[in-house]
Amino acid sequence: MSKQLSDQANKLWTLITEPSTAKTYREALDVSWKILRETGNFLWLVLCLALVGIDWFLENSIAAGRKTRAWVNDLTTAEKPSPEKLLTPETGKKLLDSGKSTLESVVAAARKQLGLSEKPPEPVAPPSPPVAGSSAPSVVAPSPVVVSAESVAPAESKPPAAIASTEE
């Protein structure tokens, strides 16, 4: 080997094997690991905040949609479709309940991760009275029927002329 090449190799090897070099690289790796870990924690908290924000937006949007629907339903008097044409309410309710419970558990975990307090339970509104013309079934008692003893008697026992003469 040439003198220049061997001198440069010795300088490089001396620099690499110095105790300060190993210490410097170890510190650099420690700092790099801390930066990566804190970046991951920050991104996780941003994701949790996004979930809470989406939950807030969805709740307000759904509430606004329901209020708008009620307002439009009050304005229109159009005939509503028959229940046979619609999906059963139980199926829709089950789908909505399962999706809602999943979303609530995810949002609760995100709130807990962010250190936010749990969401207070929503007050349950009393059912509204049925609106006139609504599709909700109503129960009406039949009017009482008064039957006289003569009208109960079999027709064969009296001729039609006899029935007419007793009614006069």
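V106 is partly exposed, with a relative accessible area of 38%, and its place is in helix α3. The model to which V106 belongs is predicted. Its chain holds five helices and zero strands, and the mean pLDDT is 77. The points below treat the overall fold, the confidence, the pairing of α2 with α3 residues, the nonpolar patch, the salt bridges and the surroundings of T21.

**Overall architecture and surface**

- From the N terminus onward, the order of elements is α-α-α-α-α.
- Among these elements are helix α1, spanning residues 3-17, helix α2, spanning residues 19-75, and helix α3, spanning residues 89-114.
- The chain has 168 residues, of which 4% count as buried.
- About 15,400 Å² of the chain is exposed, and 66% of this area is supplied by carbon and sulfur atoms.

**Confidence**

- A pLDDT of 70 or more is reached by 62% of the residues.
- Confidence is highest in α2, at a mean of 93, and lowest in helix α4 (residues 149-152), at a mean of 52.
- Where pLDDT is low, the predicted coordinates should not be read in detail.

**Residue pairs between helices α2 and α3**

- V106 and V52 stand 54 residues apart along the chain, and their C-alpha atoms are separated by 9.2 Å.
- L49, a residue of helix α2, is 58 residues from V107 in sequence and 9.4 Å from V107 in space, C-alpha to C-alpha.
- L49 has a relative accessibility of 54% and therefore counts as exposed, whereas V106, at 38%, is partly exposed.

**Nonpolar surface patch**

- I54, W56, F57, L58, I62 and L103 together make a nonpolar surface patch of about 610 Å².
- Helix α2 contributes five residues to this patch, the largest share.
- One of the patch residues, F57, lies in helix α2.
- F57 counts as exposed because its relative accessibility is 51%, and exposed requires a value over 50%.

**Salt bridges**

- Side chains of opposite charge can pair when their charged atoms come close.
- The model contains two salt bridges.
- The first to be described joins K3 and D7, with the closest N and O atoms 3.8 Å apart.
- Both K3 and D7 belong to helix α1, where a spacing of four residues places them about one turn of the helix apart.
- Within this pair, K3 is exposed, with a relative accessible area of 62%, while D7 is partly exposed, with a relative accessible area of 33%.
- The other salt bridge is formed by K93 and D97, whose closest N and O atoms are 3.4 Å apart.
- K93 and D97 are four residues apart in helix α3, so about one helical turn separates them.
- K93 counts as exposed at 51% relative accessibility, and D97 counts as partly exposed at 39%.

**Surroundings of T21**

- T21 is located in helix α2.
- With a relative accessible area of 15%, T21 is buried, because the cut-off for a buried residue is under 20%.
- A polar atom of the T21 side chain lies 2.5 Å from the backbone oxygen of L15.
- Apart from its neighbours within four places in sequence, T21 is in contact with L15 and I16.

How values were computed: Residues are numbered from 1 along each chain as its sequence is written. This is a predicted model: local features need pLDDT of at least 70, side-chain atom pairs count only at pLDDT 80 or more; totals for chains, interfaces and linings use all residues. Side-chain values use heavy atoms; hydrogens and water are left out. Patches are made of residues with over 30% relative accessible area and no salt bridge: like charges are joined within 9 Å, nonpolar side chains (Val, Leu, Ile, Met, Phe, Trp, Tyr) within 5 Å. Accessible areas come from the Shrake-Rupley method with a 1.4 Å probe; for residues, only the protein chains shown count as cover. A salt bridge is a side-chain nitrogen of Lys or Arg within 4 Å of a carboxyl oxygen of Asp or Glu. Helices (H or I, at least four residues) and strands (E, at least two) are DSSP runs, numbered from the N terminus. Buried means under 20% relative accessible area, exposed over 50%, partly exposed in between (1.4 Å probe, protein chains only). A polar contact is a pair of N or O atoms within 3.5 Å; within protein, one must be able to donate a hydrogen and the other to accept it, and residues adjacent in sequence count only if both atoms are side-chain atoms. Contact means heavy atoms within 4.5 Å. pLDDT is the predictor's confidence in each residue, from 0 to 100.
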